[in-house]
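Good morning, colleagues. Please turn to the structure on the screen while I go through its strands and a few of its side chains.

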Amino acid sequence: MSTDRLPRPEPRAVAVSCDGVRVPVAAERLATLARQVLQALRVPRAMLSITFVTARASARLNATHLGHTGPTDVITFALGADPAGAVIGDIYICPDVARAQAREHGVGVREEIARLVVHGTLHACGWEHPEDETRTTSPMWRRQEQLVRRFWTTSTPRA
């Protein structure tokens, strides 16, 4: 009988899907970023999916689930926890919107996509922010920017 053991499953499982959508960052680098955020938040177990979608698909998700018109940068469905306490969430990111936001804020598109991964991961873990002008001064936004600076090379802070 073999004494070999099966490898332990990744306690912070993150799957990234870019099917049919061009994303200028390697999927594994984004999965690693999400795992780093989960670890920094002291989340012991998680199952996240990060899916990159077209502007059309983002607009459809935005209308169906949030009642808003047009595409948005990121939508997160925090699905709670499984019986073992693992955080479960689905994150949808639209690279077209990320590109426009990157230009608007004077940052690179890779950095903006990284920011959206961090933002979506925070939402999956239960973090929330106001929808008004205080959004960018909220505790969630400050934590997001701190995590982007810590785990992603940034040239300038985004306001």
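Strand 1 and strand 2, the latter covering residues 46–52, run parallel to each other and are joined over 6 bridges. To take one position, alanine 15 has serine 49 in strand 2 as its bridge partner. I should say at once that this is a predicted model.

Helix 1, residues 27–40, packs on the sheet and touches both strand 1 and strand 2. The direction of helix 1 makes about 145 degrees with that of strand 1.

Let us now consider the whole sheet. It is an open sheet of 4 strands in the order 1-2-4-3, with mixed pairing. Which strands lie at the edges? They are strand 1, residues 12–17, and strand 3, each of which pairs on one side only. On average, neighbouring strands are turned by 10 degrees against each other, direction ignored.

I turn next to the aromatic side chains. The structure contains 1 aromatic pair. Phenylalanine 77 and tyrosine 92 form this pair in an edge-to-face arrangement, with 5.9 Å centre to centre and 75 degrees between the planes. The pair links distant parts of the chain: phenylalanine 77 belongs to strand 3, residues 74–81, and tyrosine 92 to strand 4, residues 87–93, with the two residues 15 apart.

Why does phenylalanine 77 count as partly exposed? Its relative accessibility is 22%, and buried would require under 20%. Tyrosine 92 has 21% relative accessibility and therefore also counts as partly exposed.

Finally, there is a charged residue over a ring. Arginine 29 lies over the face of tryptophan 152, at 3.8 Å from the ring centre.

Notes. Residues are numbered from 1 along each chain as its sequence is written. This is a predicted model: local features need pLDDT of at least 70, side-chain atom pairs count only at pLDDT 80 or more; totals for chains, interfaces and linings use all residues. Side-chain values use heavy atoms; hydrogens and water are left out. Rings of Phe, Tyr and Trp (its six-membered ring) pair if their centres lie within 6.5 Å; planes under 30 degrees apart count as stacked, over 60 as edge-to-face and the rest as tilted. Buried means under 20% relative accessible area, exposed over 50%, partly exposed in between (1.4 Å probe, protein chains only). A charge sits over a ring if NZ of Lys or CZ of Arg is within 6 Å of the ring centre and within 35 degrees of the ring normal. Two strands pair if DSSP finds at least two bridges between them. Axes are lines fitted to C-alpha atoms, for helices over the stretch in contact, and angles run from 0 to 180 degrees between N-to-C directions. Contact means heavy atoms within 4.5 Å.
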